[in-house]
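Biologist: Hey, can you walk me through this one? I'd like to start with the aromatic rings.

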Amino acid sequence: MNLADYRRAARAWLIENASSDDHEAAQDDGVARAKQFMARLHDAGYSGITWPEQWGGQGLTQAEERAFAAEARDFTLPTYVFSIGLGMTGPTILDRGSDAQRARFLRPLLRGEEIWCQLFSEPGAGSDVASLQTRAVRDGARGEGWVVNGQKVWTSVAQHADWGLLLTRTDVDVPKHKGLTMFVVDMRHPGVTVRPLKDMTGRAHFNEIFFDDVPIPDEHRVGEVNDGWSVAVTTLLHERLSISAGVGMGGQKDNPASVEALRQAVDTTDPLVRDELVELHIRTRALALFNQRLAQETKAGIFPGARGSAAKLLLAELTLYQADLATRLTGPESVVGDHPLSHAISLAPAMALGGGTNEIMRNIIGDRVLNLPPEPRVDKTVPFKDLKVGTQG
Ligand SMILES: Cc1cc2nc3c(=O)[nH]c(=O)nc-3n(C[C@H](O)[C@H](O)[C@H](O)COP(=O)(O)OP(=O)(O)OC[C@H]3O[C@@H](n4cnc5c(N)ncnc54)[C@H](O)[C@@H]3O)c2cc1C
């Protein structure tokens with residue numbers, strides 16, 4: 001099918017199947033409806049458009065993916081609960097998992113049958129995630145597999161998740177980056193406790209998780225023992241690219257802070273207001289083009305590296321600018337109560353934290369793009385058990 005026909009067919013499918021105002025299911029409520037929608041999306045050939053057919057994808061190109069995304073912008077797709085799986089953990093299994101893991105996990109993810117979360121951050125390990133303390137030890141009783149104990153925090157959509165990509169410490173006698181191992185953990189297993197955390201939007205976007213003697217079979221290890229850091233770097237790269245590209249976030253149709261929505265809500269006869277809207281439009285468009293280029297390069301096998309961090313930083317700055325502009329143009333009442341803008345405005349600061357803070361993104365750009373001297377790191381060569389954070393050693 002040529003691209004124009006593909007695009008026409010995608011639009012017709014969206015008109016038939018995607019409500020343009022399904023805002024409730026687009027957020028983290030309405031999970032059952034969201035799952036039904038994902039199954040229809042996959043059956044129609046629009047989930048995993050560029051993923052290999054062998055693992056449940058469509059085996060198409062970036063051109064089809066972009067064409068579908070362009071049409072989907074006019075709708076609100078209820079795909080939020082799948083955003084971690086589609087944008088971060090799925091691509092990690094695709095890149096670094098075994099064939100058995102790809103065969104087991106990817107198709108159910110793309111059909112929306114299973115929801116995923118990403119378990120990296122801990123109360124004492126966020127920006128410096130390699131200092132995490134959740135331990136996985138060989139299961140002495142059974143003689144095979146692993147047993148996990150510890151705590152994670154800020155885990156998005158974990159209250160709905162079936163599976164989690166879990167970064168653990170497996171060796172305390174080596175420096176902190178060298179003693180980590182990645183696993184897939186069954187979030188429904190006894191010993192996994194998930195507690196939703198309400199944020200300032202009034203919703204629970206993320207959770208704290210406790211692991212008490214949770215067994216994990218060795219087949220669910222992703223990558224080699226003690227090579228978890230390199231797997232985590234793969235996930236973090238996909239995380240930055242997918243956040244900035246809005247993977248799984250549905251269309252912009254219902255974003256009350258978009259240029260289109262603000263144009264309807266404010267006095268556009270004022271030249272200063274028009275000026276600000278043009279500035280927002282330019283920044284939005286420039287980031288979209290930058291993301292498009294990164295996606296094309298990634299598909300062509302060119303590693304975007306620290307430019308993924310630049311995209312994530314630009315999105316965080318754009319989101320904060322957009323929230324600030326929306327507040328200034330619509331007045332203080334927009335940040336309270338049920339005003340359509342209040343959720344978008346109170347969620348905006350989270351973008352400067354989740355997926356790595358703006359300061360960390362700047363450090364990475366300074367280090368790897370601008371070749372500035374790296375931050376002093378005194379703990380990179382010290383065994384984890386000798387560091388102050390390594391109290392469980
Ligand atoms: C909405 C949202 C969703 C999230 N979802 C997930 C998830 O699904 N899974 C997951 O594992 N985590 C998740 N996180 C956690 C997120 O990755 C961390 O919040 C983030 O990495 C920062 O860690 P921290 O909160 O521990 O802050 P800290 O690391 O304690 O940082 C505190 C402050 O110090 C600054 N800082 C720290 N180190 C440096 C440095 N070297 N140089 C300069 N400044 C520095 C930071 O920029 C920040 O301003 C989410 C967070 C948010 C807000």
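Modeller: Sure. Rings of Phe, Tyr and Trp (its six-membered ring) pair if their centres lie within 6.5 Å. Keep in mind that this is a predicted model.

Biologist: OK, how many aromatic pairs does that rule give?

Modeller: The count comes to eight aromatic pairs. One of them joins Y46 and F68, and that pair is stacked, at 4.8 Å centre to centre with 15° between the planes.

Biologist: And where do Y46 and F68 sit?

Modeller: Y46 is in the loop between α3 (31–43) and α4 (62–72), while F68 is in helix α4, so the pair ties together parts 22 residues apart in sequence.

Biologist: Cool. Switching to the ligand: which residues come nearest?

Modeller: There are 18 residues around the ligand, and S121, S127, W154, T357 and E359 come nearest. The side chain of S121 has an N or O atom 2.7 Å from a nitrogen atom of the ligand. For E359, a side-chain N or O atom is 2.6 Å from an oxygen atom of the ligand. E375 also has a polar side-chain atom, 3.4 Å from a ligand nitrogen.

Biologist: How much of the ligand's accessible area does the protein cover?

Modeller: On its own the ligand has 970 Å² of accessible area, and the protein covers 67% of that.

Biologist: What kinds of residues make up the shell?

Modeller: Six are nonpolar, 10 are polar and two are charged. Helix α12 (residues 358–368) gives the most, with three residues. Domain 2 (116–226) and domain 3 (255–356) each supply at least three.

Biologist: Last thing: how far apart are the end C-alpha atoms of helix α10?

Modeller: They're 36 Å apart, which agrees with the 36 Å that 25 residues (306–330) should span at 1.5 Å a residue. Just after α10, G331 takes a positive phi of about 95°.

Terms used. Residues are numbered from 1 along each chain as its sequence is written. This is a predicted model: local features need pLDDT of at least 70, side-chain atom pairs count only at pLDDT 80 or more; totals for chains, interfaces and linings use all residues. Side-chain values use heavy atoms; hydrogens and water are left out. A residue is near a molecule or strand if one of its heavy atoms lies within 4 Å of it. A polar contact is a pair of N or O atoms within 3.5 Å; within protein, one must be able to donate a hydrogen and the other to accept it, and residues adjacent in sequence count only if both atoms are side-chain atoms. Accessible areas come from the Shrake-Rupley method with a 1.4 Å probe; for residues, only the protein chains shown count as cover. Helices (H or I, at least four residues) and strands (E, at least two) are DSSP runs, numbered from the N terminus. Ala, Val, Leu, Ile, Met, Phe, Trp, Tyr, Cys and Pro count as nonpolar, Asp, Glu, Lys and Arg as charged, and the others, Gly among them, as polar. Domain bounds come from an automatic or database domain assignment. The expected span of a helix is 1.5 Å times one less than its number of residues. Rings of Phe, Tyr and Trp (its six-membered ring) pair if their centres lie within 6.5 Å; planes under 30 degrees apart count as stacked, over 60 as edge-to-face and the rest as tilted.
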